[in-house]
Amino acid sequence: MKLLPLDNPEILELVAGWLAQKENHQWLDFGNGRQVVTPTLLKIMAQRPTHFMRAYTSDRDETPIGICGLNSVDLNFKSATLWGAQGDKVFRNRGLGTLAASKVLTLGFRDLGLETINTWVVDGNPSLRLIQRLNFRPIGRQRQCHFIDGQAYDRLLFDLLASEHESSEGDRRPGGQRAPRQAVRGKHEELRVAGEPHIGSDSRGGPATAEAGAQRDARQG
Ligand SMILES: CC(C)(COP(=O)(O)OP(=O)(O)OC[C@H]1O[C@@H](n2cnc3c(N)ncnc32)[C@H](O)[C@@H]1OP(=O)(O)O)[C@@H](O)C(=O)NCCC(=O)NCCS
C-alpha cells in the first residue's frame, strides 16, 4: 500500500468524487454540517497545516482506492481527529481501510509528533469495527447530534494515545513506546507493510471529518 498526497487536479477530483457519494459522506462532517467538498475546497484543505490527508492504494497496483486523514491537527496540543472513506468499493472489507488508517496514525504520532488522536463513529456505522481494531478507546457518546435523512443519531467518541498505537514494523517513532497489543490483527495482519516514505513535520495536507475551519479556510483561500 502506498499513501499519496492530494497534490494534483486528478487526485483532487477523484477524492471529491468519492466524498460526493452519500454512502460515504453521510457518516462524515467537514465542519458546520458540510458533508460534500468540492475539489477546490479539498485543495485548500490539503494546503492547511490543520489537515493531513493521504489517498491510499491497494496492494495490487498504484491506483488510489480510498482516502484517510487527520483534521483539526493541533501541533500545540499535539492532537488531531482521524477520518476516512473508501472510494472503490471493490476493495471493501479486505482490511485496507484499517491498514491505511494505521499508517496515517503512525505518521501522525511519529512525524507530526502528536500525542493523542481522536475519532468518532455514527452509532450504527459498521466501520466501528475498524476503529476498535485500531485500538481506539471509547471515551463517550455525543447524543442526537448527527442527522441522516432527517433522523438524529448519536456519535460514539474514541481516542488513542501515541503509546497505545501499534504501528507496522519500520514505522517506529524515535524514542517512542509501543503498546504490547497489536492494532491491526487477525485476518488483516498479512496486509501490513512497512517502510512508508518519511513525511516531514512540515508536510501539508489532510482533512477530515469534523473540521469547523474548512469553510473558513475556503473563504480565506
Ligand atoms: C470505513 C471504510 C473506509 C472501511 O474500509 P474497508 O477497507 O472496508 O475497511 P476494513 O476492511 O479494514 O474493515 C472494515 C470493517 O468494518 C466493517 N465495515 C465497515 N464498513 C462496512 C460496510 N459498509 N458494510 C459492512 N461492513 C463494514 C467490516 O465488517 C469490517 O469489520 P470486520 O473485518 O471485523 O468484519 C469504508 O467502510 C467506508 O468508506 N465507509 C464509509 C465512510 C465511513 O463510514 N467512514 C468512517 C467514518 S470516519
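Is Leu4 buried, partly exposed or exposed? Select Leu4 and keep that in mind while you look around; the model is a predicted one.

**Stop 1: Leu4**

Leu4 belongs to strand β1, which covers residues 3-4. Leu4 has 17 other C-beta atoms within 10 Å. A residue needs 20 or more to be buried and 12 or fewer to be exposed, so Leu4 is partly exposed. Now add Tyr56 to the selection. Leu4 and Tyr56 are 52 residues apart in sequence, yet their C-alpha atoms are 6.1 Å apart in space. Leaving out residues up to four places away in sequence, Leu4 touches Ile11, Arg54, Ala55 and Pro64.

**Stop 2: the whole chain**

Zoom out and colour by secondary structure. The protein chain has six helices and seven strands. Starting at the N terminus, you will meet the elements in the order β-α-α-α-β-β-β-α-β-α-β-β-α. The protein chain has 221 residues, and 42% of them count as buried. Contacts between residues far along the sequence are worth a look here too: among the contacts with a separation of 6 or more, 66% join residues 24 or more positions apart.

**Stop 3: the sheet**

Select the strands. Seven of them form an open sheet with mixed pairing, and its order is β1-β2-β3-β4-β5-β7-β6. The edges are β1 and β6, each of which pairs on one side only. Leu4, from the first stop, therefore sits in an edge strand, since β1 holds Leu4 and β1 is one of the two edges, strands being numbered from the N terminus.

**Stop 4: the hairpin of β6 and β7**

Next, show residues 137-148 (β6) and 151-161 (β7). These two strands pair in the antiparallel sense over eight bridges. Two of the bridge partners are easy to pick out: Arg137 is matched with Asp159 of β7, and Phe147 is matched with Ala152 of β7. Between the strands of this hairpin there are two residues, and Asp149 takes a positive phi near 50°.

**Stop 5: helix α4**

Select residues 96-111, which make up α4. How many residues does α4 have, and how far does it reach? The helix has 16 residues and spans 22 Å from its first C-alpha to its last, close to the 22 Å expected at 1.5 Å a residue. Of those 16 residues, 15 are buried, so α4 is largely enclosed by the rest of the structure. Just beyond, click on Gly113, which follows α4 and has a positive phi near 75°.

**Stop 6: the nonpolar core**

Which residues of the largest nonpolar core touch the most other members? Select Val15, Leu42, Ala100, Ala101, Val104 and Leu105, which do so within a core of 49 residues. The element that gives the most to this core is α4, with eight residues. Stay on Leu105 for a moment: apart from neighbours within four places in sequence, Leu105 is in contact with Leu82, Ile117, Leu134, Leu160 and His165.

**Stop 7: around the ligand**

Finish at the ligand. There are 21 residues around it, and the closest are Trp27, Gly97, Thr98, Pro126 and Ser127. By type, the shell divides into seven nonpolar, 11 polar and three charged residues. Elements that each supply at least two residues of the shell are β4 (79-86), α4 (96-111) and α5 (128-133). The largest share, four residues, comes from β4.

Technical notes
Residues numbered from 1 in each chain as written. Predicted model: local features only at pLDDT ≥ 70, side-chain atom pairs only at ≥ 80, totals over all residues. Near = placed C-beta within 6 Å. Nonpolar A, V, L, I, M, F, W, Y, C, P; charged D, E, K, R; others polar. Expected span 1.5 Å × (residues − 1). Contact = placed C-beta atoms within 7 Å. Core = buried A, V, L, I, M, F, W, Y, C linked by C-beta atoms within 7 Å. Pairing = 2+ DSSP bridges.
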